[in-house]
Amino acid sequence: MTYLRPALVMLILLTLITGIAYPLLTTGLAQLLFPGAANGSLLYRGDKAVGSALIGQNFTRADYFWGRPSATGDSAYNPLASAGSNLAATNPALDKAIAERAAQLRQANPAMSGPIPVDLLTASGSGLDPQISIAAAQYQLARVAAARHLPPEQIAKLIEDNTDRATPNFMGESVVNVLKLNLALDALK
């Protein structure tokens with residue numbers, strides 16, 4: 001019985017510290033120091049949030065850049081089902097999916113020949129990647145320029161302006177955020 005009171009006091013004290021005070025402190029500091037990131041890195045069109053810079057979206061129209069394929073269950077880019085397909089490189093289902101994506105990309109981008117950038121054919125480990133490689137954006141440039149009746153040079157400039165450069169260069173690949181790029185395209189109107 002002599003141990004019960006100190007144990008209950010410690011339980012209440014630690015619950016208040018770790019369950020209430022610490023989360024409130026870290027949330028408050030995050031809101032103060034990094035408000036954009038703390039609120040989900042949301043991107044806006046006017047006053048309306050249209051998505052997050054951290055989660056891809058399923059663009060399929062010819063006048064938009066397309067992101068990486070998503071392997072998140074029945075609906076693309078479902079953050080509640082974040083996962084890769086877990087298909088082995090020797091799995092026939094993976095070969096079939098890549099062949100179907102390649103056929104779709106070749107049909108949508110008839111001006112392009114040569115290899116298709118791998119990030120347009122394969123899903124990432126999370127299935128939610130919002131970025132594509134510069135090569136993947138350039139592969140789609142002619143299609144988007146034709147669909148929007150814009151000069152390819154103007155689209156190339158938008159790709160360049162919306163490229164997140166790896167700093168320093170050996171710390172990864174420079175990438176293009178698809179949602180930011182598509183919002184920049186819409187802003188041209």
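Ser-174 touches Ser-133, Ile-134, Thr-163, Asp-164, Arg-165 and Ala-166, leaving aside residues up to four places away in sequence. In this predicted model, Ser-174 sits in the loop between strand E4 (163-164) and strand E5 (175-177). The relative accessibility of Ser-174 is 15%, under the 20% cut-off, and Ser-174 therefore counts as buried. The points below turn to helix H3, helix H4, an aromatic pair and the domains.

**Helix H3**

- Helix H3 covers residues 92-108, and its 17 residues should span 24 Å at 1.5 Å a residue. The C-alpha atoms at the two ends of H3 are 24 Å apart, in agreement with that expectation.
- Leu-94, Ala-102 and Leu-105 are the buried residues named for H3. Viewed down the helix axis, the buried residues of H3 fall within an arc of 70°, so they line one face of the helix.
- On the other side of H3, Pro-92, Lys-96 and Gln-107 are exposed.
- Helix H4 (134-148) is included in what covers the buried residues of H3.
- The N-terminal end of H3 is capped by Asn-91. A side-chain oxygen of Asn-91 lies 2.7 Å from the backbone nitrogen of Ala-93.

**Arg-148 in helix H4**

- Arg-148 is a residue of helix H4, the helix that spans 134-148 and helps to cover the buried residues of H3.
- Arg-148 has a relative accessibility of 13%; this value is under 20%, and Arg-148 therefore counts as buried.
- A polar atom of the Arg-148 side chain lies 2.6 Å from the backbone oxygen of Asp-63.

**Aromatic pair**

- The count of aromatic pairs comes to one. This pair is formed by Phe-59 and Tyr-64, with 5.3 Å centre to centre and 45° between the planes.
- The arrangement of Phe-59 and Tyr-64 is classed as tilted, since tilted pairs are those whose planes are neither under 30 degrees nor over 60 degrees apart.
- Phe-59 and Tyr-64 are both buried.

**Domains**

- The domain assignment of the protein gives domain 1 as residues 3-39 and domain 2 as residues 48-188.
- The C-alpha centres of domain 1 and domain 2 are 40 Å apart.

Conventions. Residues are numbered from 1 along each chain as its sequence is written. This is a predicted model: local features need pLDDT of at least 70, side-chain atom pairs count only at pLDDT 80 or more; totals for chains, interfaces and linings use all residues. Side-chain values use heavy atoms; hydrogens and water are left out. Helices (H or I, at least four residues) and strands (E, at least two) are DSSP runs, numbered from the N terminus. The expected span of a helix is 1.5 Å times one less than its number of residues. Buried means under 20% relative accessible area, exposed over 50%, partly exposed in between (1.4 Å probe, protein chains only). The arc is that of the directions from the helix axis to the C-beta atoms. Contact means heavy atoms within 4.5 Å. A polar contact is a pair of N or O atoms within 3.5 Å; within protein, one must be able to donate a hydrogen and the other to accept it, and residues adjacent in sequence count only if both atoms are side-chain atoms. Domain bounds come from an automatic or database domain assignment. Rings of Phe, Tyr and Trp (its six-membered ring) pair if their centres lie within 6.5 Å; planes under 30 degrees apart count as stacked, over 60 as edge-to-face and the rest as tilted.
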